[in-house]
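Colleague: Could you take me through how the helices pack in this one? I would love a close look, residue by residue where you can.

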Amino acid sequence: MEAMNVMRVREDVRVEDDTTQTELTKIRLLRAMVEARDPSAKEEDDFTIRRFLRARDLDLEKASTMFLKYLKWRHSFVPNGSVTVSEVRNDLAQEKVFMQGHDKIGRPIAVVVGRKHFQNKDGGDEFKRFVVYVFDKICASIPPGQEKFVAIAELKGWGYSNSDVRGYLGALTVLQDYYPERLGKLIIVNAPYIFMKVWQLIYPFIDNKTKKKIVFVDKNKVKSALLEDIDESNMPEIFGGPLPLVRIQDI
C-alpha cells in the first residue's frame, strides 16, 4: 500500500497552478499561432503547449516551429493515435523496459535493461515505433500534478552485441523533439568501460537541457544513490527494493 500513496493526488490540477503570468500569456499566444497553422492543435492541452514553450525557453517562434513539427510527425508516424503491440512485437519480446514505483516527488520510474536490447534487422523502424510505444505508456502513467518521469538504465552485462548507435540516436531524437520536458532524470548504473566508448559518439547529440538530467552512478554506490531520489518502499526489486519489475506492455 505504501507504494500507492504517492498516487493520491489532486485530480483538478490546472495549468494556472504552477505557471507564471508570462507563461500563461505565451501559452495563449502559442496556441493561437499553432492552431492557425494546424487546426489539430486544438486537441492539445495547455500543459503540452507549456512543455514545448519551456523546451525553447519561452521563445514563441522556436516553440511554434517545434510544436508544428511534432504535430506533423505525430499524424504521420502514429496515424491511428497509438502504436499497437503487433507493431513492436519483436522489441517487446526482448523484455528490456519495465516500470515500477515512483520517486520522492511522484514521478514514475522506468527501468531499461541494456543487455537485453539487440538491434533489429529492419533498419530501425520497429525500434522507433517501440520507443514511441514506451514513451506513450510512461506518459500515460504520470499522475495528475506531475509531468515528468525518471528512467534508470541498468547496464550490467552490456556488451558490443547490445551496441546500437543508430537506435540510441533515434530514441534520443524522439525524446528531445517530440516529448520535451518529460524526462526528469536519467540515472545510468553499472556502465561498463566499453559502453563509454559508445557514449562518446552519442553525447554530442544530446541537448544541454537533457545533459543536465543525466547522472552516472558508480557501481559500488547504486542503491545509496538511488535512495537519494527514491524511498526504500518504492525501490524496484532489481536494485534491492521490495517491488518486482512490471513489463512495459503490462502497464
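Modeller: Happy to! In this predicted model, a good place to start is where Thr48, Ile49, Phe52, Leu53 and Ala55 of helix 2 meet Leu60, Ala63, Met66, Phe67 and Tyr70 of helix 3. Sorted by class, the residues of this contact are 9 nonpolar and 1 polar, with no charged ones. Two packed helices are described by the angle between their axes and the distance between the axes. Here, helix 2 spans residues 46-55 and helix 3 spans residues 60-77, and their axes come within 8 Å, crossing at roughly 125°. That angle makes helix 2 oblique to helix 3. The handedness of this crossing is right-handed.

Now compare that with a second pair further along the chain. Helix 7 covers residues 193-202, and its axis comes within 10 Å of the axis of helix 6, with a crossing angle of roughly 50°. Helix 6 and helix 7 are therefore oblique to each other, and their crossing is right-handed. On the helix 6 side, the contact uses Val165, Tyr168, Leu169 and Leu172. Facing them from helix 7 are Val198, Leu201 and Ile202. This contact consists of 7 nonpolar residues, with no polar and no charged ones.

Helix 3 and helix 6 both come up again around helix 5, since they are among the elements that cover its buried residues. The cover also includes helix 4 (89-93), strand 1 (97-102), strand 2 (108-113) and strand 3 (149-154). Helix 5 itself runs over residues 125-141 and has 17 residues. From its first C-alpha to its last it reaches 25 Å, close to the 24 Å expected at 1.5 Å a residue. Its buried residues are Glu126, Phe127, Phe130, Val131, Val132, Tyr133, Val134, Phe135, Ile138, Cys139 and Ser141. An α-helix has 3.6 residues a turn, so residues three or four places apart point the same way. In helix 5, though, the buried residues include the unbroken run Phe130, Val131, Val132, Tyr133, Val134 and Phe135.

One loop residue is worth a look before you close the viewer. Ile230 sits in the loop between helix 9 (222-226) and strand 6 (246-247). Ile230 counts as buried because its relative accessible area is 0%, under the 20% cut-off. Leaving aside neighbours within four places in sequence, Ile230 touches His102, Asp103, Lys104, Ile109, Ile152 and Met235. Ile230 and His102 are 128 residues apart in sequence, yet their C-alpha atoms are 7.0 Å apart in space.

Notes. Residues numbered from 1 in each chain as written. Predicted model: local features only at pLDDT ≥ 70, side-chain atom pairs only at ≥ 80, totals over all residues. Heavy atoms only, no water. Axes fitted to C-alpha atoms, helices over the stretch in contact; angles between N-to-C directions. Helix = DSSP H or I, 4+ residues; strand = E, 2+ residues; numbered from the N terminus. Parallel < 35°, antiparallel > 145°, perpendicular 65-115°, else oblique. Left-handed = near helix turned anticlockwise from the far one by under 90°. Contact = heavy atoms within 4.5 Å. Nonpolar A, V, L, I, M, F, W, Y, C, P; charged D, E, K, R; others polar. Expected span 1.5 Å × (residues − 1). Buried < 20%, exposed > 50% of the residue type's maximum accessible area, 1.4 Å probe, protein only.
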